[in-house]
Amino acid sequence: MTTLARGTIAVLGATGRLGGATARHLLEDGWSVRAITRKPDGPKARALAAAGAQVVKADMEDPAALRKAFEGAQGVFNVQNPMKSGLEAEVRQGRNVADAAADAGARHVVYGSAGVGRSGTGVGQWESKLRVKEHMLTRGLPLTVLRPMALMELMTDKDFYPALSTWNTMPALAGPDTKIVWLAADDLGAIAAKAFADRDGFVGRDVALASDVRSIAECRELYRAAAGRPPRSFPVPVWMFERMAGKDLTAMWRWLRTAELDLDVTPTLAIHPGAMTVERWLLRRFSKDGGARTAEARDARAAARLTTSTPIAQERPSDHPPA
Ligand SMILES: NC(=O)c1ccc[n+]([C@@H]2O[C@H](COP(=O)([O-])OP(=O)(O)OC[C@H]3O[C@@H](n4cnc5c(N)ncnc54)[C@H](OP(=O)(O)O)[C@@H]3O)[C@@H](O)[C@H]2O)c1
């Protein structure tokens, strides 16, 4: 294994789930971390600074700020969030990061991607990532793509409205017994740090990441065992969900119903043998983080404003908007 001397890695999305996990693991492994954020005075940025990161303000819409932020960095962790920015902004920002990384002479870019890694699924946020990847390759960047399918945080994090999405609309469209491949955000961070530590072993790789294969019905039982109660689930018609969250997630979940997924966890465990199963992740989450319950209570209040009294088991004609 050829290792780069532990220099500086610029981490996009460092205040978020994937970038945050990557920043934490890089710091633990002895790297200098340049944590990129639009809000350097925010609580997450301050926590990163307290953990030893150099916090730098830059917006991914601002190529000049990115170029400055990457000066002297030997690696870059690239990630965007299309659920917040929209798909075209995701591609634009991903390409801006790629251009700035190339201009700065970055020796390794690790990309937080998603999905199946091929086009034709009709899932916008998977297709957009292929466009970003293509641009990074066109710019000649030494690239590693890390590609999880479903983050375990979907089951609990309030950003994802799990009571509406993961426990209701997703199984209604994908099927409650359809096997889903899961990875915890923290394990993606650990794997990204391993990739930066083993440049020669990882440049050129596009790795599907999964540490467990479970249906939503199985996850529900594991959740019940870990939390001591079933997850809250709020039925909402599909058209109403789409009005709130757009049509990309529902396209993804419909696609999953009949898709033939790669269900092999072996490659991920070969890279990171400690990657968590859904059961272990839920047990850890509920044993140490009573806050998850508080977050769910907030979800419940948000969801209550959108619910109807009709449970959804399958997609039905009434799931489409009224004429
Ligand atoms: N949900 C899933 O199951 C799943 C599965 C696989 C892959 N993914 C992929 O994971 C990615 C989302 O990652 P995540 O969950 O880590 O997102 P996240 O928690 O929302 O974090 C995104 C971070 O990006 C930063 N950011 C946003 N806009 C920015 C801008 N214009 N300039 C600079 N920074 C900006 C934000 O930092 P500041 O606000 O501090 O600037 C934020 O901390 C998506 O691409 C998604 O498709 C998700």
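Let's start in the middle of this predicted model. The largest nonpolar core holds 85 residues, and within that core Val11 and Ala35 touch the most other members. Helix H8, residues 185-197, gives the core its largest share, eight residues. A second core lies apart from this one; it has eight residues, including Tyr161, Phe234, Val238 and Phe241. As a bit of background, nonpolar side chains in soluble globular proteins tend to be buried together.

Now step back and take in the whole chain. The protein has 323 residues, and 46% of them are buried. Its secondary structure amounts to 15 helices and ten strands. If you take the contacts with a separation of 6 or more, 78% are between residues 24 or more positions apart.

A good place to zoom in is strand S2, which covers residues 32-37. Five of the six residues in S2 are buried, so this strand is mostly covered, going by the cut-off of 20 or more other C-beta atoms within 10 Å. Strand S1, residues 8-11, runs parallel to S2, and four bridges join the two. You can find one of the pairings at threonine 8, whose bridge partner in S2 is serine 32. Strand S3, residues 54-57, also pairs with S2 in the parallel sense, again over four bridges. Here, isoleucine 36 stands opposite valine 56 of S3.

How do the helices fit in with these strands? S1, H1 and S2 make a right-handed β-α-β unit. Carry on along the chain and S2, helix H2 (residues 43-50) and S3 make a right-handed β-α-β unit too.

Two residues of this region are worth a closer look. Valine 33 sits in S2, and it counts as buried because it has 26 C-beta neighbours inside 10 Å. Setting aside neighbours within four places in sequence, valine 33 is in contact with Ile9, Val11, Ala23, Leu26, Leu27, Ala53 and Gln54. If you want a distance to check on screen, the C-alpha atoms of valine 33 and alanine 14 are separated by 9.4 Å, with their positions 19 residues apart along the chain. Then there is alanine 35, one of the two residues that touch the most other members of the largest core. With neighbours within four places in sequence left out again, alanine 35 is in contact with Val11, Ala14, Ala23, Ala45, Leu48, Ala53, Gln54, Val55 and Val56.

Next, the ligand. Around it are 26 residues, of which Gly13, Gly16, Arg17, Arg38 and Ala114 come nearest. Helix H1 (17-28), which you met in the first β-α-β unit, supplies at least two residues of this shell, as do helix H4 (82-85) and strand S7 (150-151). What is the make-up of the shell? Its residues divide into eleven polar, nine nonpolar and six charged.

Finally, go back to the second core and pick out Tyr161, one of its members. Tyrosine 161 is found in the loop between S7 and helix H7 (165-174). Is tyrosine 161 buried or exposed? Tyrosine 161 is buried, because 22 other C-beta atoms lie within 10 Å. Its backbone is worth a glance as well: tyrosine 161 has a positive phi of about 45 degrees although it is not a glycine.

Conventions. Residues numbered from 1 in each chain as written. Predicted model: local features only at pLDDT ≥ 70, side-chain atom pairs only at ≥ 80, totals over all residues. Core = buried A, V, L, I, M, F, W, Y, C linked by C-beta atoms within 7 Å. Buried ≥ 20, exposed ≤ 12 C-beta atoms within 10 Å, placed from the backbone. Contact = placed C-beta atoms within 7 Å. Near = placed C-beta within 6 Å. Nonpolar A, V, L, I, M, F, W, Y, C, P; charged D, E, K, R; others polar. Pairing = 2+ DSSP bridges. Right-handed = clockwise from strand over helix to strand, strands pointing away.
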